[in-house]
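Biologist: Could you take me through one part of this protein slowly, please? I would like to start with a pair of helices and how they pack, and then hear about a few single residues elsewhere.

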Amino acid sequence: MLINALIQVGIFAALVTIISVPLGLYMARVFSGEQTFLDPILRPLERLLYRLAGVHPDREQGWAEYAVSMLLFSGVGMVLLYAIERLQLFLPLNPQHLSAVPSDLAFNTAASFTSNTNWQAYAGETTMSYLTQMAGLAFHNFVSAATGIAVAIAVIRGFVRRNASTLGNFWVDLTRAVLWILLPLSIVGALVLIWQGVPQNFSPYTQVTTLEGAHQVIAQGPVASQEIIKQLGTNGGGFFNANSAHPYENPNPLTNLLEMLAIFAIAAGLTHTFGQMAGDRRQGWALFAAMAILFLIGTTAAIWAEQKGNPQFAAMGVDQHASALQSGGNMEGKEVRFGIVNSALWATVTTDASCGAVNSMHDSFTPLGGLVPLVNMQIGEIIFGGVGSGLYGMLVMAVMAVFIAGLMVGRTPEYLGKKIESREMKLAMLFILIFPALILIPAGIAVVIKPGLAGISNPGPHGFSQILYAFTEAAANNGSAFAGLNANSMFYNVALAIIMLGGRFLMKVPVLALAGSLAGKRTVPPSAGTFPTGGVVFVVLLTAVILIVAALTFFPADALGPIVEHLAMVQHQLF
């Protein structure tokens, strides 16, 4: 089983590395305004869109104007999605005649998809019409992902420009992210999924009679078009309640591999976009290497924990070893067609990125296996991370790392030739501190009030883990869940919606301000005391800083949930 796991993880890691380089360089050309092979088709459409919207593409924006444009666009989109949900009974493409989405759930869902979280407190096939799925949810899968990419590109410009007062034009970056990147990849990816058996139609649900004589309703619809963009845009919201464990969303091992690659592709590629735009490819490789190390650590831990299984079962004489007749380990909540390795690998990938799509139920993982997705999000969704958000989150941590390195050698820290001074550190710390505040404060409130406790299905440490996981995924804009928590209540719908919006937009503003501050700086030539940021030493330091910051912030909370649950599970071995 160890060799099997190593082969599968190794192939996946190699494919991510291979895909990320050309995609990253292509994105650098797109956002630098250079010629691409799609220009003859897309340039006329781009000009038409600017003319219709009244956008002046040559006019650049400062960080504040860029941030206001992003917030206004997202706010209007959220209101429109809410309206579609509330009015879907009267709108077309609703062959099941589904009723209006309740107000609190509609607010939660609108906040979720606008913030690129795609947390779902509902069953998609019984709640959302085809129009809502396509014009509402799938549309936001595109534009919320494009918003993240646009902000990342603006942040890159802030890091690499000198004596500048602008970061680009939000409307141009948004348009180019959709037309040149997300749309072409989605068209190709959707066709591949249709080839592999994912439905794409507008037919009513099918009524069938099973071999046992029971009646069953088989849901279908425009699935492939939403499935591919939910992975490429690290959105994660499923057409069906079972998400990517459903055979219509993820039919076989090939689609499983392709969808995992789609989750990482753009986020990994953006590291090379950064290196190319910075004029030093080593800078991008350094960020990629730190992300890859953290990914491999998490994957190894998750697979080991799930293959080890539950020692309490072993004490009862239950055989949990892999053999020709059984997979062994902890198979609870997992699809047999994917097994432990691909389930644990997917759980790691989807929480390294701010995706949240699942092909197994994280609530059924072992305590340490479930701790890995939780920690991945607590690190800040920067292990490749969401499209755009992973890169700019990692760049903030890079600023923190060079600041610590500067303290070690007693000189002003520098990154890409720019001095990191008090203003930049204040903005970086604001970015870092907002995240745990959005998690720990509401989770602490939820565990002491009746509406919060009413949602848990397992009182005790696992119930605490369910609540902690819910607020962590909301702040991290992930969308996965310890699904044992009943979150479709007024308290959780409203509370999690507020946290999702805070995790997305409260953190975007300071990082844009940081980029604006750096854009106005001049570069200084390297000297004997300059700490190199494109080599192995920096990768080690960056990785260590990320782990230490996460541990100091979240270990006490994790100790009350997954860690104490693990100790309870193995207590017969300890005493």
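Modeller: Happy to! Let's begin with helix H15 (residues 422-446) and helix H17 (residues 461-475), whose axes come within 9 Å and cross at roughly 150°. Two packed helices are described by just these things, the angle between their axes and the distance between the axes. With a cut-off of over 145 degrees for roughly antiparallel, H15 and H17 are therefore roughly antiparallel to each other. The crossing in which H15 passes H17 is right-handed.

Now for the side of the pair where they meet. H15 brings Phe435, Leu438, Ile439, Leu440, Pro442, Ala443 and Ala446. Facing these from H17 are Ile467, Leu468, Phe471, Thr472 and Ala475.

Please keep in mind that this is a predicted model. Its mean pLDDT over the chain is 92, and 99% of the residues score at least 70. Confidence peaks in helix H7 (residues 170-195), with a mean of 97, and is lowest in helix H20 (residues 571-574), with a mean of 61. Where pLDDT is low, the predicted coordinates should not be read in detail.

On to the single residues, starting with Glu414, which sits in strand E3 (residues 414-415). Its relative accessibility is 10%, so Glu414 counts as buried, the cut-off being under 20%. Setting aside residues up to four places away in sequence, Glu414 touches Val402, Lys419, Ile420, Val524, Thr530 and Thr533.

Thr109 belongs to helix H4 (residues 103-114). Thr109 counts as buried because its relative accessibility is 0%. The Thr109 side chain reaches the backbone oxygen of Leu105 at 2.8 Å. If you leave out neighbours within four places in sequence, Thr109 is in contact with Leu81, Glu85, Tyr122, Met128 and Leu137.

Lastly, have a look at Glu65 in helix H3 (residues 63-87). With a relative accessible area of 30%, Glu65 is partly exposed. Glu65 and Phe170 are 105 residues apart along the chain, and their C-alpha atoms are separated by 8.8 Å.

If you are turning the model on your screen, you could start from the stretch where Phe435 and Ala446 of H15 are among the residues that meet H17, then move to Glu414 in strand E3, and finish with Thr109 in helix H4.

Conventions: Residues are numbered from 1 along each chain as its sequence is written. This is a predicted model: local features need pLDDT of at least 70, side-chain atom pairs count only at pLDDT 80 or more; totals for chains, interfaces and linings use all residues. Side-chain values use heavy atoms; hydrogens and water are left out. Helices (H or I, at least four residues) and strands (E, at least two) are DSSP runs, numbered from the N terminus. Buried means under 20% relative accessible area, exposed over 50%, partly exposed in between (1.4 Å probe, protein chains only). A polar contact is a pair of N or O atoms within 3.5 Å; within protein, one must be able to donate a hydrogen and the other to accept it, and residues adjacent in sequence count only if both atoms are side-chain atoms. Contact means heavy atoms within 4.5 Å. pLDDT is the predictor's confidence in each residue, from 0 to 100. Axes are lines fitted to C-alpha atoms, for helices over the stretch in contact, and angles run from 0 to 180 degrees between N-to-C directions. Angles under 35 degrees count as roughly parallel, over 145 as roughly antiparallel, 65 to 115 as roughly perpendicular and the rest as oblique. A crossing is left-handed if the near helix is turned anticlockwise from the far one by less than a right angle, and right-handed if clockwise.
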